[in-house]
Amino acid sequence: MNRILVVEDDVDAAQVVSAYLTREGYAVEVAHDGAAGLQAALKAPPALVVLDWMLPGVGGPEFLTALRREQRTPVIMLTARSEESDRVVGLELGADDYVVKPFSPRELVARVRAVLRRSQARELEADEAVEHRGLRVDPLKRRASFAGREVELTTLEFDLLFALARAPGRVFSRNDLIERVWGPEFTGVDRVVDVHVSNLRQKLASVGADALLVTVRGVGYKVA
């Protein structure tokens, strides 16, 4: 049974989310502040975290930053902050999806299912490692390196790099990458691709590999 960790300080909202997820067969654990939720996630990694943005003590962004240092557990941000800039910040920090309050519990459950399907499909993937011009991307170990130097990537950054590196020279549109990485159920904005590609390029630059990731103006992205 997939265990879902709900980190939400609003007791009523936490109860609603917990009830709908439990009804769908998930085992649900609830934490009402960021520190308790982070401790629970690090002690026993759940299948997925539903994370409120505004939390007492350790806030959602701080929670997500700390979690990503240790694990790649999928995270859905649940928040009243509806500005696109806020969504971008959450995605930049490594969130896998973003649901705005007030929300439909059924929609949230559908997003949980979609994110878990993507996550579990990645875990079952049996593709061989890709090597290209000093870049190595290993989907089984979930590791990427350039010239022997490991690159620390979030779940989505890794999946983007793997999708691009499997077909060097091929130009992928934003829609192509959304289909391969986020899946056909994704309902967010295509700017999410630009955000993650930008972060990925910065991390590749830190090991001298930024020239491998190329922007094709008006079309999309490719690995050179």
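**Note on the predicted model: two sheets, two cores and helix α6**

1. T154 is found in the loop that links β9 to α6. The model is a predicted one, and this loop residue is a convenient place to start. T154 has a relative accessibility of 9% and therefore counts as buried, the cut-off being under 20%. Leaving aside neighbours within four places in sequence, T154 is in contact with R68, R72, G94 and K203. Of these partners, R68 belongs to the stretch of helix α3 (residues 60–70), and K203 to α8 (191–205).

2. The helix that follows this loop is mostly covered: 11 of the 11 residues of α6 are buried. The buried set includes charged positions, E157 and D159, alongside nonpolar ones such as L156, F158, L160, L161 and F162. T155 and A165 are also among the buried residues of α6.

3. What is the packing angle between α6 and α8? The two helices pack at about 85 degrees, and their axes are 10 Å apart. Because angles of 65 to 115 degrees count as roughly perpendicular, α6 is placed in that class relative to α8. On the α6 side the contact is made by L156, E157, L160 and L161. On the α8 side it is made by H196, V197, N199, L200, K203 and L204. By type, the residues of this contact divide into six nonpolar, two polar and two charged.

4. The largest nonpolar core has 33 residues. Within this core, L161, L177, W182 and V193 have the most contacts. Two or more residues each come from β7 (135–138), β8 (143–146), α6 (155–165), α7 (174–182), α8 (191–205) and β11 (220–223). Which element gives the largest share? That is α6, with eight residues.

5. V193 is one of the residues with the most contacts inside the largest core. Not counting residues up to four places away in sequence, V193 touches R174, L177, I178, W182 and Y221. A second core, separate from the largest one, has 17 residues, including L5, A66, L67 and Y98.

6. One open sheet has four strands in the order β6-β7-β8-β9, with antiparallel pairing. Its edge strands, β6 (130–132) and β9 (149–151), each pair on one side only. Direction ignored, neighbouring strands of this sheet are turned by 20 degrees against each other on average. Helix α6 lies across β6, β7 and β8 and runs at about 115 degrees to β7.

7. Two hairpins occur in this antiparallel sheet. β7 and β8 are joined by four bridges, and V137 has A144 in β8 as its bridge partner. Four residues lie between these two strands, and R142 in the turn has a positive phi of about 55 degrees. β8 and β9 run antiparallel and are joined by three bridges, with F146 opposite R149 in β9. The hairpin of β8 and β9 has two residues between the strands, and A147 takes a positive phi near 50 degrees.

8. The other open sheet has five strands in the order β2-β1-β3-β4-β5, and the pairing is parallel. Its edge strands are β2 (27–31) and β5 (97–100), each of which pairs on one side only. The twist from one strand to the next averages 20 degrees. Strands β1 (residues 3–7) and β3 (residues 48–52) pair in the parallel sense over four bridges, and I4 has L48 in β3 as its bridge partner.

9. Which strands do helices α2 and α3 lie across? Helix α2 (residues 34–43) lies across β1 and β2 and runs at about 160 degrees to β1. Helix α3 (residues 60–70) lies across β1, β3 and β4 (75–79), at about 155 degrees to β3.

Conventions. Residues numbered from 1 in each chain as written. Predicted model: local features only at pLDDT ≥ 70, side-chain atom pairs only at ≥ 80, totals over all residues. Heavy atoms only, no water. Core = buried A, V, L, I, M, F, W, Y, C linked by side-chain atoms within 4.5 Å. Buried < 20%, exposed > 50% of the residue type's maximum accessible area, 1.4 Å probe, protein only. Contact = heavy atoms within 4.5 Å. Axes fitted to C-alpha atoms, helices over the stretch in contact; angles between N-to-C directions. Parallel < 35°, antiparallel > 145°, perpendicular 65-115°, else oblique. Pairing = 2+ DSSP bridges.
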